[in-house]
Amino acid sequence: MTQTIAPEQSWAPMLPHPYRVVGTVVETQDTVTLLFESLSDHQLRFRPGQFTMLYVYGVGEVPISIAGNPHLGGQLVHTVRAVGAVTRAICGLRPGDVVGIRGPFGTGWPIDQVAGRDLLIVAGGIGLAPLRPAVIEALTQRESIRQLSLLYGARTPNDLLYKDDLIGWKASPSIDFEVTVDRAHSDWWGDVGLVTNLLPRVRFQPDRTTAFVCGPEVMMRVVARALRTAGVHEDRVFVSLERNMKCGIGMCGHCQYGSDLLCRTGPVAPYSAVADRLKVDEL
Amino acid sequence: MNPEDTLRSSPLVRGLNADSIAFLESVAAVAEFGAGQLLFEEDSAAESFYLVGEGRVGLEALVPAGPAVLVETIGPGALVGVSWLFPPFRWSWAARALAPTKALVFPGEAVRRRCDADADLALHVYRTVAEEAVRRLHSTRIRLLDLYGDRRP
């Protein structure tokens, strides 16, 4: 397999650039949003859906989706869930701490293909993080999109991310936003149930709909099947796949997924291109 | 809520013969519930079922020393209640309006009796309830995976 380095990555792509933590928001008991600023002339411009390699010096490097506003230059936002040694270290960072960042890497959500169409965004759990820039971008381009909807599923009300955003989206006439959780007490104002239960609540014309879906793979399969049943073509359903990204430039092969190296040809891919592989055990 | 539109847009009557639709219309009544009001209590007699027209209903379970646990929420166009169709005709869960809610309410025993004599209606009722039950079973199984939890399922 031959991979070429794209022109935008012709700068030393393995060299981490120093970024300083300038703010943190504790989203849930295990998830933190961090705001970074560059300490060099490296200004990171990204497309919604791309990721960076975030290096905690002396601990390790992990791929993290970019969760911020793509239009705010000089500001890099990552939302990180503490699930391993490196992500626990990231969640423990404080303002003033410095990390190394490489990127951005990977494909993005094809938001340039949704003009004149209905855009349905479906997020599950931490999967809202890589979709947040797409929501922001879609709201920026709202006049060119027919119907814009966001469906969000989480474990419990305490596990919801970006609570200020959620309140704003719920109140906004520009986006139909529905949220559901797996478990809740009777004081919860939203829904309880699977995120696909929310599909009948939002308006979309299946043959004119593009869907962006991100969450656990089982959830993405279930959502993709529900959308197929509703009449949305699988070519127009895009998912974001999480694998063991390492180099970010398609050289090391850690993220090989069948014939793809997901750090280059992913993480965002049409469901039709990966549906068969999602059924392969341990791939 | 327009009662006629609510019923006619339901899978319960889709493809059903005119006589059976007329029967359902004749026995349906409009029920309104304020936010927080119970539709029925857990383990009480299941004498009716509901078709939600507006609002939202939560199925809930009482737990000691805390607020009730919401098991599932049900929105417009969906049926509330399966226990009315099968012995011992008692509710497994409580149902509470989570917002101002309007629904069509159908008398369970009258519909069951009619189903005994009307195969077309019986097919529609049992098929609609079965489809809804399968959908909720599927949803519950996926939630059992705890996809958003700490460990990969």
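This is a guided tour of a predicted two-chain model, one selection at a time.

**Start with the whole model**

Before you click on anything, note the scores: ipTM is 0.86 and pTM is 0.91.

Now show chain A alone. You should be looking at six helices and 16 strands. Along its principal axes the C-alpha trace spans about 50 × 45 × 40 Å. The radius of gyration of chain A is 18 Å, which agrees with the value near 19 Å that a compact globule of 283 residues would have. Of those 283 residues, 47% are buried. If you draw the contacts in chain A between residues at least 6 apart in sequence, 69% of them join residues at least 24 apart.

**Select 51–56 of chain A**

This is strand β3(A), and six of its six residues are buried. Turn on the side chains and look at both faces. On one side sit Phe51(A), Met53(A) and Tyr55(A), and on the other Thr52(A), Leu54(A) and Val56(A), all of them buried. The back-and-forth pattern is what you'd expect, because side chains in a regular strand alternate between the two faces of the sheet.

Which strands does β3(A) pair with? One partner is β4(A), antiparallel over six bridges. Zoom in on Thr52(A) and you'll find Ile64(A) of β4(A) standing opposite. Another partner is strand β6 (residues 98–105) of chain A, also antiparallel, joined to β3(A) by four bridges. Here, pick Phe51(A): its bridge partner in β6(A) is Phe105(A).

**Slide along to 60–65 of chain A**

To get from β3(A) to β4(A), follow the hairpin, which has three residues between the strands. Stop at Gly58(A) on the way, where phi is positive, near 80°. Once you're on β4(A), color by burial: five of its six residues are buried.

**Select 128–140 of chain A**

Next up is helix α2(A). Put a distance label between its end C-alpha atoms and you should read 18 Å, which agrees with the span its 13 residues should have at 1.5 Å a residue.

How many residues of α2(A) are buried? The count is 10 of the 13, so this helix is largely enclosed by the rest of the structure. The buried set holds Leu128(A), Ala129(A), Pro130(A), Leu131(A), Arg132(A), Pro133(A), Ala134(A), Val135(A), Glu137(A) and Ala138(A). Notice that Arg132(A) and Glu137(A) are on that list. To see what covers these residues, add some of the neighbors, including β4, β5 (76–81), β8 (148–154) and β12 of chain A.

**Select 217–230 of chain A**

Helix α4(A) has 14 residues and reaches 20 Å from its first C-alpha to its last, close to the 20 Å expected. Its buried residues are Met219(A), Met220(A), Val222(A), Val223(A), Ala224(A) and Leu227(A). As you look down the helix, remember that an α-helix has 3.6 residues a turn, so residues three or four places apart point the same way.

What do the buried residues of α4(A) pack against? In chain A they meet β7 (118–124), β12 (209–214), β13 (237–240) and α6 (271–274), and from chain B comes α4 (119–144). Just after α4(A), click Gly231(A), which has a positive phi near 110°.

**Bring chain B back and look at the interface**

With both chains on, 22 residues of chain A are in contact with 20 residues of chain B. On the chain A side, β10 (184–185), β11 (191–192) and α4 give two or more residues each. The helix you just left, α4(A), gives the most, with three residues. By class, this side has 10 nonpolar, six polar and six charged residues.

Then select 184–185 of chain A and 69–74 of chain B. Here β10(A) and β5(B) pair in the antiparallel sense over two bridges. Ala184(A) stands opposite Leu70(B).

**Finish on chain B**

Hide chain A. Chain B has four helices and eight strands, and from the N terminus they run α-α-β-β-β-β-β-β-β-β-α-α. Its radius of gyration is 16 Å, close to the 15 Å from the globule rule for 153 residues, so chain B is as compact as a globular protein of that length. The C-alpha trace spans about 55 × 35 × 30 Å along its principal axes, and 36% of the residues of chain B count as buried. Last, color by confidence: chain B averages a pLDDT of 93, and 97% of its residues score at least 70.

Key. Residues are numbered from 1 along each chain as its sequence is written. Chains are lettered from A and ligands numbered from 1 in the order in which they are written. The expected span of a helix is 1.5 Å times one less than its number of residues. A residue is buried if 20 or more other C-beta atoms lie within 10 Å of its own, exposed if 12 or fewer, and partly exposed in between; C-beta atoms are placed from the backbone. Two residues are in contact if their C-beta atoms, placed from the backbone, lie within 7 Å. Ala, Val, Leu, Ile, Met, Phe, Trp, Tyr, Cys and Pro count as nonpolar, Asp, Glu, Lys and Arg as charged, and the others, Gly among them, as polar. Two strands pair if DSSP finds at least two bridges between them. The radius of gyration is taken over C-alpha atoms; the globule rule is 2.2 Å times the number of residues to the power 0.38. pLDDT is the predictor's confidence in each residue, from 0 to 100.
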